[in-house]
Amino acid sequence: MPKGLVVALREAVVLSSGFPLLSGVNLELEAQSLSVITGANGAGKTSLLRLLAGLVSLSSGEGTVAGVDLAKGDLRQLRRRVGWLGHEGSFYNDLSVRENLVFAASALARPLKDIDSVLERVGLRSRLETTTKALSAGQRRRLGLAWLLLRRAELWLLDEPYASLDEQGRVFFDALLADVVDAGATVILSAHDPLRSATLRPRQIVLRGGRVESDDS
Amino acid sequence: MIRTAWLVAKKDLLIERRSRVLLWQVVPFGAIALLLSGLALGPTHAGHSSAGPGLFYLVMLFVALLMINRSYVIESTPGTRASVQTLGLDPAGVFLGKSLALCVELWLSGLVLLAGTVLVLHTALHGALLALPSVLVTLAAMAAAGTLYGALTAGGEGAATLLPVLTLPAFAPLLVAGERSFSAALTHSGLWEWWLILAVALVAYVGVGILLYGVLEES
């Protein structure tokens, strides 16, 4: 993999019960970049993100993510280096905002004192003791961001992060993504439609039928 | 591994304390099942007393199956599994932590149901107290085996149906040895050999769990 590439996929195929979720993806993404993967339902957006997160195995082809070989490498090692935010939310519903973050921080051996500053940054400081299931969809999204900020992941994988965000939330999200890319992280997110942002100029990759249909790189 | 185990156990117990599924659903279910068992046996005290250990473990089996299922339901919220997987927790630590939390929950249910056995099935209090250590070891072994089999069925379709079928061969020797040691405690005879079997089973299930949990999780 050339230096500076975080993702390098060559004819990557992912099968689920014999059905191809990805059917030969070729993709190279540079470090400290922002990319948006778009496509219709079933195009393979979530599967591609899950492959990059080390959550599903490569069935054939070649792939390297953050220096880890997807075919032969230690996927557990890769998972520790990525931050994943699914579109469904990613928390224990019966725990409070603070308890969820304490669990994540403790698991990653991050200092607990970071929790307050991270919650301040995503605007959830006042919800510290609120049970996660009582949060609105937008607040859950913000909690997901707090989780990722706490992790200081080098590769952010966000599955439809703009879903259920209002205009104010989208602007906040755009600003935060710009900040984390400036800070050195690589961000890859999926969306149904091309990203319409006043501030971000991401690379747009379109998937169709489990393959890259177009790439504006 | 120990740090992860403690973290996972604390999280599972905190969720249980918050959701109160054990307190308001599982223990009342166990108590009712025990009461109905007593009613089904009829009014004879002698019959109740001899059937007490078997009925206690039968009800504990139902309680354990519910709690094992519950232990994995909390991980199956959409998105949570993927997020937790990206934390890269040591699988052996996760196994020990989930087993420990399940063990504590089974112990609490077991204490309540043991008291119920004395009250409803007229099991001798002294015998029940003598049986207590073996009950705790049996339930700990059930927690370890249950955590292992829970991981095997977690997330799959029909997990609630598969779990009892798969765990039965693992639980059967534990239930037999548990019932025998409980009965031996009531009759003050040959307690130690059953204890030994239970202790070996506990060590075996914990050992297998530590070795295999990561593989089960990945599959």
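This is a guided tour of a predicted model with two chains, A and B, one selection at a time.

**Stop 1: chain A as a whole**

Start by selecting chain A and colouring it by secondary structure. You should find six helices and 10 strands. Turn the chain around: its C-alpha trace spans about 45 × 35 × 35 Å along the principal axes. How does its radius of gyration fit with a compact globule of 217 residues? Such a globule would have a value near 17 Å, and chain A has 17 Å, so the two agree.

Now switch on a surface. Chain A has about 9500 Å² of accessible surface, and carbon and sulfur atoms account for 47% of that area. Of the 217 residues in chain A, 55% are buried. If you colour the charges, you will find 27 positive and 25 negative ones, whose mean positions are 3 Å apart. Contacts in chain A also reach along the sequence: among those with a separation of 6 or more, 68% involve residues 24 or more positions apart.

**Stop 2: an open sheet in chain A**

Next, select strands β1, β2, β4 and β5 of chain A. These four strands make an open sheet, ordered β2-β1-β4-β5, with antiparallel pairing. Which strands stand at the edges? They are β2 (19-30) and β5 (68-69) of chain A; each has a single partner strand, so one side of each has no neighbour in the sheet.

Zoom in on the middle of that order. Strand β1 (residues 5-16) and strand β4 (residues 60-65) of chain A are joined in the antiparallel sense by five bridges. To see one of them, select Leu9(A) and look across to β4(A), where its bridge partner is Gly63(A). If you display hydrogen bonds, keep in mind that strands of a sheet pair through backbone hydrogen bonds, in either a parallel or an antiparallel way.

**Stop 3: strand β7 and its two partners**

Move on to residues 155-159 of chain A, which form strand β7. Is this strand enclosed or open? Five of its five residues are buried, so β7 of chain A is largely enclosed by the rest of the structure. Show the side chains and look along the strand. Leu155(A), Leu157(A) and Asp159(A) point one way, while Trp156(A) and Leu158(A) point the other way, and all are buried.

Then add the strands that pair with β7(A). Strand β6 (residues 82-85) of chain A pairs with β7(A) in the parallel sense over four bridges; one place to look is Val82(A), whose bridge partner in β7(A) is Leu155(A). Strand β8 (residues 186-191) of chain A also runs parallel to β7(A), and five bridges join the two. Here you can pick out Leu158(A), which has Leu189(A) as its bridge partner in β8(A).

**Stop 4: helix α3, where chain B comes in**

Select residues 97-107 of chain A, helix α3. Nine of its 11 residues are buried, so this helix is largely enclosed by the rest of the structure. Among the buried ones are Val97(A), Leu101(A) and Phe103(A), and also Glu99(A) and Asn100(A). What do the buried residues of α3(A) pack against? Their neighbours are α4 (114-122) and α5 (137-151) of chain A, along with α1 (2-19) of chain B. Just past the helix, click on Ala109(A): its phi is positive, near 55°.

**Stop 5: Asp114 in helix α4**

Stay in chain A and select Asp114(A), which lies in helix α4. Buried or exposed? With a relative accessible area of 14%, Asp114(A) is buried, because the cut-off for buried is under 20%. Beyond its neighbours within four places in sequence, Asp114(A) is in contact with Leu150(A) and Arg152(A). Try the distance tool too: Asp114(A) and Asp179(A) are 17 Å apart from C-alpha to C-alpha, and 65 residues apart in sequence.

**Stop 6: chain B as a whole**

Finish by selecting chain B. Its secondary structure is eight helices and zero strands. The radius of gyration of chain B is 18 Å, close to the 17 Å given by the globule rule for 219 residues, so chain B is as compact as a globular protein of that length. Its C-alpha trace spans about 55 × 35 × 30 Å along the principal axes.

Put the surface back on. Chain B exposes about 9700 Å², with 75% of it supplied by carbon and sulfur atoms. Buried residues make up 52% of the 219. Last, colour the charges: there are 10 positive and 10 negative side chains in chain B, and the centres of the two sets lie 10 Å apart.

Note on methods: Residues are numbered from 1 along each chain as its sequence is written. Chains are lettered from A and ligands numbered from 1 in the order in which they are written. This is a predicted model: local features need pLDDT of at least 70, side-chain atom pairs count only at pLDDT 80 or more; totals for chains, interfaces and linings use all residues. Side-chain values use heavy atoms; hydrogens and water are left out. The radius of gyration is taken over C-alpha atoms; the globule rule is 2.2 Å times the number of residues to the power 0.38. Buried means under 20% relative accessible area, exposed over 50%, partly exposed in between (1.4 Å probe, protein chains only). Contact means heavy atoms within 4.5 Å. Accessible areas come from the Shrake-Rupley method with a 1.4 Å probe; for residues, only the protein chains shown count as cover. Lys and Arg count as positive and Asp and Glu as negative; His and the chain ends are not counted. The place of a charge is taken as NZ of Lys, CZ of Arg, CG of Asp or CD of Glu. Two strands pair if DSSP finds at least two bridges between them.
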